[in-house]
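Student: I've got a model open and I'd like to talk through its contacts and strands. Can you take my questions one at a time?

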Amino acid sequence: QVQVVESGGGAVQAGGSLRLSCAASVNIFSMNSMGWYRQAPGKQRELVALITRGGGTNYKDSVKGRFTISRDNAKNTVYLQMNSLKPEDTGDYYCRLALVSGLYWGQGTQVTVSS
């Protein structure tokens, strides 16, 4: 059984910060990638940030310079540090683990940014 569990969401004012965590039940040292996706009501789920096996990262243009994705292989955990939050960042954030065996999604954690 492969499970991923997100935590750290909440409600903050514009300009504030949050740190999301995604803990996997398996070793992520050899993962293909782990990514953070978000979905606003009535909109498609979109990639926010991704980290690959070799440590490379990719970000949605609108979060570059504000968000940082990182990992701790010893803890099998990926983090998303979100600074200078904007109302447009509001949505449900999901973690996805990509392994050779398949894709595994977390249950999501809600982020609400008020103006």
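What follows is a chat about a predicted model.

Student: Let's start with the cysteines. How far apart are the sulfur atoms of cysteine 22 and cysteine 95?

Tutor: A search of the whole structure turns up one disulfide. Its partners are cysteine 22 and cysteine 95. A pair counts if the sulfur atoms lie within 2.5 Å, and here the separation is 2.1 Å.

Student: Is that disulfide left-handed or right-handed?

Tutor: You read that off the torsion about the S-S bond. For cysteine 22 and cysteine 95 it is about -85°, so the disulfide is left-handed.

Student: And how many residues apart in sequence are the parts it ties together?

Tutor: Both ends are out of the way, by the numbers: cysteine 22 is buried, and cysteine 95 is too. Cysteine 22 belongs to strand S3 (residues 18-24), while cysteine 95 belongs to strand S9 (residues 91-99). The disulfide therefore ties together parts whose separation in sequence is 73 residues.

Student: Now the open sheet of four strands. Which are its edge strands?

Tutor: The order is S1-S3-S8-S7, with antiparallel pairing. An edge strand pairs on one side only, and that picks out strand S1 (4-7) and strand S7 (67-72).

Student: By how much are neighbouring strands of this sheet turned against each other?

Tutor: Take the sheet with the order S1-S3-S8-S7. Ignoring direction, the average turn between its neighbouring strands is 15°.

Student: Which residue in S8 is the bridge partner of arginine 19?

Tutor: S3 and strand S8 (residues 77-82) run antiparallel and are joined by six bridges. Arginine 19 also has its charged end over the ring of tyrosine 79, 4.0 Å from the centre. Its bridge partner in S8, though, is glutamine 81.

Student: Speaking of charges over rings, which ring does the charged end of arginine 45 sit over?

Tutor: For arginine, the position of CZ decides this, and it has to be within 6 Å of the ring centre. The charged end of arginine 45 is 4.7 Å from the centre of its ring, and that ring belongs to tryptophan 105.

Student: On to salt bridges. Arginine 38 has one with glutamate 46, so is arginine 38 buried or exposed?

Tutor: In that salt bridge the closest N and O atoms are 3.2 Å apart. Glutamate 46 has a relative accessible area of 27%, so it comes out as partly exposed. Arginine 38 has 5%, and under 20% is the cut-off that applies. That makes arginine 38 buried.

Student: What about aspartate 89: where does it lie?

Tutor: Aspartate 89 forms a salt bridge with arginine 38, the closest N and O atoms being 3.0 Å apart. The pair links distant parts of the chain, 51 residues apart, with arginine 38 in strand S4 (residues 33-39). Aspartate 89 is buried at 2% relative accessibility, and its place is the loop between S8 and S9.

Student: Which residues join into one network through shared salt-bridge partners?

Tutor: The structure holds five salt bridges. One of them pairs glutamate 46 with lysine 60, with the closest N and O atoms 3.2 Å apart. Glutamate 46 is in strand S5 (residues 46-52) and lysine 60 in the loop between strand S6 (57-59) and S7, so this pair ties together parts 14 residues apart in sequence. Through shared partners, the network is Arg38, Glu46, Lys60, Arg66 and Asp89.

Student: Back to S4. Which residue takes a positive phi in the hairpin of S4 and S5?

Tutor: S4 and S5 run antiparallel, with six bridges between them, and one bridge pairs serine 33 with threonine 52. The hairpin has six residues between the strands. The positive phi, near 75°, belongs to glycine 42.

Student: Last one: which residue in S9 is the bridge partner of tyrosine 37?

Tutor: Six of the seven residues of S4 are buried, so the rest of the structure largely encloses this strand. S4 also pairs with S9 in the antiparallel sense, over seven bridges. In S9, the partner of tyrosine 37 is tyrosine 94.

Conventions:
Residues numbered from 1 in each chain as written. Predicted model: local features only at pLDDT ≥ 70, side-chain atom pairs only at ≥ 80, totals over all residues. Heavy atoms only, no water. Helix = DSSP H or I, 4+ residues; strand = E, 2+ residues; numbered from the N terminus. Buried < 20%, exposed > 50% of the residue type's maximum accessible area, 1.4 Å probe, protein only. Lys NZ or Arg CZ within 6 Å of the ring centre and 35° of its normal. Pairing = 2+ DSSP bridges. Axes fitted to C-alpha atoms, helices over the stretch in contact; angles between N-to-C directions. Salt bridge = Lys/Arg side-chain N within 4 Å of Asp/Glu carboxyl O.
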